[in-house]
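This report describes one protein model, moving from its overall dimensions to its sheets, helices and individual residues. The sequence and structure are shown first.

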Amino acid sequence: MIFEAVITLCVAVSDGEERACRVALVPGHEADSLGGCQATLPVGQGMRCQTQGPALEITEVAPGVFVHKGDVAEPDRNNRGDVSNLGFIVGETGIAVIDSGSAAWLGEAMWRAVRTKSDLPVRYVILTHMHPDHVFGATALAATGAEILAHEALPRALADRQSNYLASLVPMIGAEAIAGTAAPTVTGTVAHSQEIDLGGRRLTLKAWPTAHSSNDLTVLDHMTGTLFAGDLVFDQHIPSLDGRLLGWQSVLAEMSSAEVTAIVPGHGGPVLPWPDGLRPVQRYLEILAHDTRAALRAGERLADAVTHIAEDEEPHWHLFPSFNPRNATQAFTELEWE
Ligand SMILES: [Zn+2]
């Protein structure tokens, strides 16, 4: 039996006295006895030891490459924000975690999942882009000293959006699920590409021009040829466009010539064949561009155009009504100026 350190964290629910509390993991104090855990606790910080809480479910998609598949859903009180894929890669001397979930509890549950496979230190937490379902568990995961790495455009973009992201998550997943969650502090950024070494295992981090977002970053594990694509690749979950449609198309065209054996998408999967796993997203983006151009040529107004742009794609994707009108709006305002 494993014991771990925890602390009770509370947030105000409203203007009144009401508070929502959650028992949060403090990573790095794991021991195989209660006394062993207690011996590591600092005095006077409100921490205590108890038996280990639940870990995220993970699948080994390639040797030493593990992925947790999030629900293909919008964040809600049921899934508590567990709606995106998180992964980790184990080297000989350290571990890299890729993406971190919508809230601190997901980073904590991912830490436990990592610990079921290895006692090596988590050296890096890599963020594939700024969206809330990928970044808000990072602080918990990096608590034992990991570097947090991201695209060079991420820190500024997240700083502009983080309070809106957090404020809109609270009613979706509930105050208890969000307790202890804060925006991560990125400690290293990637402008073009960067290699990191986990001990006998090299990863290449590549920063892309604006596509799904303004700060998409992919992670390639050279040992197995596994590419963590973040939200440049969607599966089951309709793609969501928060960057540039034409940029996304050209990034996927460039990416498809890479030497890769399998893809881990940001949603769905959790592992897709290469390069066929790219095709559905490419097809959706092509139809989005085609229908948008046709609407613009016909002189349609935005409000009318968004009701039918890419409608043929509806049977192929979950969450189509939630995201397609936004994608069509984005495409329309982008392609208007072609
Ligand atoms: Zn995203």
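For a compact globule of 338 residues, a radius of gyration near 20 Å would be expected, and the protein agrees with this at 21 Å. The radius is taken over C-alpha atoms, and the globule rule is 2.2 Å times the number of residues to the power 0.38. The model is predicted: local features need pLDDT of at least 70 and side-chain atom pairs count only at pLDDT 80 or more, whereas totals for chains, interfaces and linings use all residues. Residues are numbered from 1 along each chain as its sequence is written, and side-chain values use heavy atoms, with hydrogens and water left out.

**Overall architecture**

Along its principal axes, the C-alpha trace spans about 75 × 55 × 35 Å. The protein has ten helices and 16 strands; these are DSSP runs numbered from the N terminus, with helices (H or I) of at least four residues and strands (E) of at least two. Buried residues account for 54% of the 338 residues, where buried means under 20% relative accessible area, exposed means over 50%, and partly exposed lies in between (1.4 Å probe, protein chains only). The protein exposes about 14300 Å², of which carbon and sulfur atoms supply 50%; the areas come from the Shrake-Rupley method with a 1.4 Å probe, and for residues only the protein chains shown count as cover. Among contacts (heavy atoms within 4.5 Å) between residues at least 6 apart in sequence, 66% join residues at least 24 apart.

**Strand pairing**

An open sheet of six strands has the order β11-β12-β13-β14-β15-β16, with mixed pairing. Its edge strands, β11 (193-197) and β16 (272-273), each pair on one side only. Two strands are taken to pair if DSSP finds at least two bridges between them. Strand β1 has antiparallel pairings with β3 and with β2. The table lists three antiparallel pairs, each with one pair of opposing residues.

| Strand | Partner strand | Bridges | Opposing residues |
|---|---|---|---|
| β12 (residues 202-207) | β13 (residues 217-221) | five | L205 and V219 |
| β1 (residues 3-12) | β3 (residues 48-51) | four | V6 and R48 |
| β1 (residues 3-12) | β2 (residues 19-31) | nine | C10 and C21 |

**Helix α2 and residue T181**

Helix α2 (residues 104-117) has 14 residues, which at 1.5 Å a residue should span 20 Å; its end C-alpha atoms are 21 Å apart, in agreement. The expected span is 1.5 Å times one less than the number of residues. Twelve of the 14 residues of α2 are buried, so the helix is largely enclosed by the rest of the structure. Among the buried residues are A104, W105, E108, R112 and R115.

A104 also takes part in a link to T181: its backbone nitrogen lies 2.9 Å from a polar atom of the T181 side chain. A polar contact is a pair of N or O atoms within 3.5 Å; within protein, one must be able to donate a hydrogen and the other to accept it, and residues adjacent in sequence count only if both atoms are side-chain atoms. T181 belongs to the loop between α6 (175-178) and β10 (188-190) and is buried, with a relative accessible area of 15%. Leaving aside residues up to four places away in sequence, T181 touches S102, A103, A104, F136 and L166.

**Residue T292 in helix α8**

T292 lies in helix α8 (residues 279-297) and is buried, with a relative accessible area of 0%. Beyond residues up to four places away in sequence, T292 touches I309, A331, F332 and L335. The C-alpha atoms of T292 and E334 are separated by 9.7 Å, although these residues are 42 apart along the chain.

**Backbone geometry**

Most residues other than glycine have a negative phi, and most peptide bonds are trans. The bond from G269 to P270 is cis, with omega near 20 degrees, and P270 lies in the loop between β15 (262-267) and β16. The bond from W274 to P275 is likewise cis, with omega near -5 degrees; P275 is found in the loop between β16 and α8.

R80, which is not a glycine, has a positive phi of about 50 degrees. R80 is placed in the loop between β5 (65-68) and β6 (86-90) and is partly exposed, at 23% relative accessible area. A310, also not a glycine, has a positive phi of about 65 degrees. A310 occupies the loop between α9 (302-305) and α10 (320-335) and is buried, with a relative accessible area of 0%.
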